[in-house]
Amino acid sequence: MKIYRTLDSTFLNLEDNWYRLESFSFDNLFSSDAPRDRLFDLARREYIISPQESPLRGTILPPIESQEIWGAGVTYFKSREARMEESESAKGGDFYDKVYYAERPELFFKANAPRVVGHKDQVAIRRDSSWNVPEAELTLAINHHGEIFGYAIGNDMSSRSIEGENPLYLPQAKVYERSCSIGPCLCVPASPPPPSTIISLCISRDGTVAFSGETTLSQMKRELVELVEYLFRQNPFPNGAYLMTGTGIIPESDFTLRSGDEISMTIDFIGTLENTVG
Ligand code: DO4
Ligand code: MG
């Protein structure tokens, strides 16, 4: 089942039926002991507003209230390679090799609700950054007990020039206004996605494809539950959290985003997240 948040209301899509969730709250869902059961309960109590036909119109907001969004880094070999290359001249390459092989994963704060945008909205590149990329990441929805119950697509917009200058600049490379997009919905499936799940990224410029690439979850070095266990270690999240699980798709080194670029990320069981660079 999938939950979409719009300016008008929150909608649940379950087996071709659409339900308007009048009194829905993401905070209640994320602090529930059994989020999927809670959604089934809500669907039982609501009217089917429109069998088969989508009620979604206009802007789709990110599926978030007070949840923090965190990121995991260097979870794919491709990401390790790219970070080592970009930080080579600053002699920071070794850090990323160590992070890739270390027992402890790299986890960083990415965004909260005021910094994140949803499907079809604009993401931003920093004025003080010369090299910028989107990162397409499977994003976990985690309840207050640290249990993964849902998934979204996340765009971890990143400044490679700032990150490459010094690994300690990571928060500035990662956290700024409109640096994050999640959506298009929060998907709460019956079972976790298999390792064969494909994540794809396409960037269009002036109507033609400027970059496209894909990876699968099987390329990720770490287990999803391992990332969550570290995130929740001595760090409670009473209203749950989102965790972006890292990128395995990196455009060539001479590629940088431009204003007007259209970014499209697809993970089949969730959908497609589209954003334009403002
Ligand atoms: O270490 C820098 C950030 C890594 C990251 O965002 C990723 O691998 O996706
Ligand atoms: Mg990332």
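Here is a short chat between a visitor and a guide about the two domains and the first strands of this chain.

Visitor: What kind of model is this?
Guide: A predicted one, where local features need pLDDT of at least 70, side-chain atom pairs count only at pLDDT 80 or more, and totals for chains, interfaces and linings use all residues. Residues are numbered from 1 along each chain as its sequence is written, while chains are lettered from A and ligands numbered from 1 in the order in which they are written.

Visitor: Why are 2–59 called domain 1 and 68–277 domain 2?
Guide: The bounds come from an automatic or database domain assignment, and for this chain it gives those two stretches. Their centres, taken over C-alpha atoms, sit 26 Å apart.

Visitor: What makes residues of the two domains count as being in contact?
Guide: Their C-beta atoms, placed from the backbone, must lie within 7 Å. By that rule, 12 residues of domain 1 meet 16 residues of domain 2. On the domain 1 side, β1 (2–6), α1 (26–30) and α2 (35–45) each bring at least two residues.

Visitor: How do you know what a helix or a strand is?
Guide: They're DSSP runs numbered from the N terminus: helices are H or I with at least four residues, strands are E with at least two.

Visitor: Why do β1 and β2 count as paired?
Guide: Pairing takes at least two bridges found by DSSP; β1 and β2 (residues 10–14) have four, so they pair, running antiparallel. Tyr4 has Phe11 of β2 as its bridge partner, and three residues lie between the strands of this hairpin.

Visitor: What about β2 and β3?
Guide: Five bridges join β2 to β3 (residues 17–21), so this antiparallel pair qualifies too. Phe11 stands opposite Arg20.
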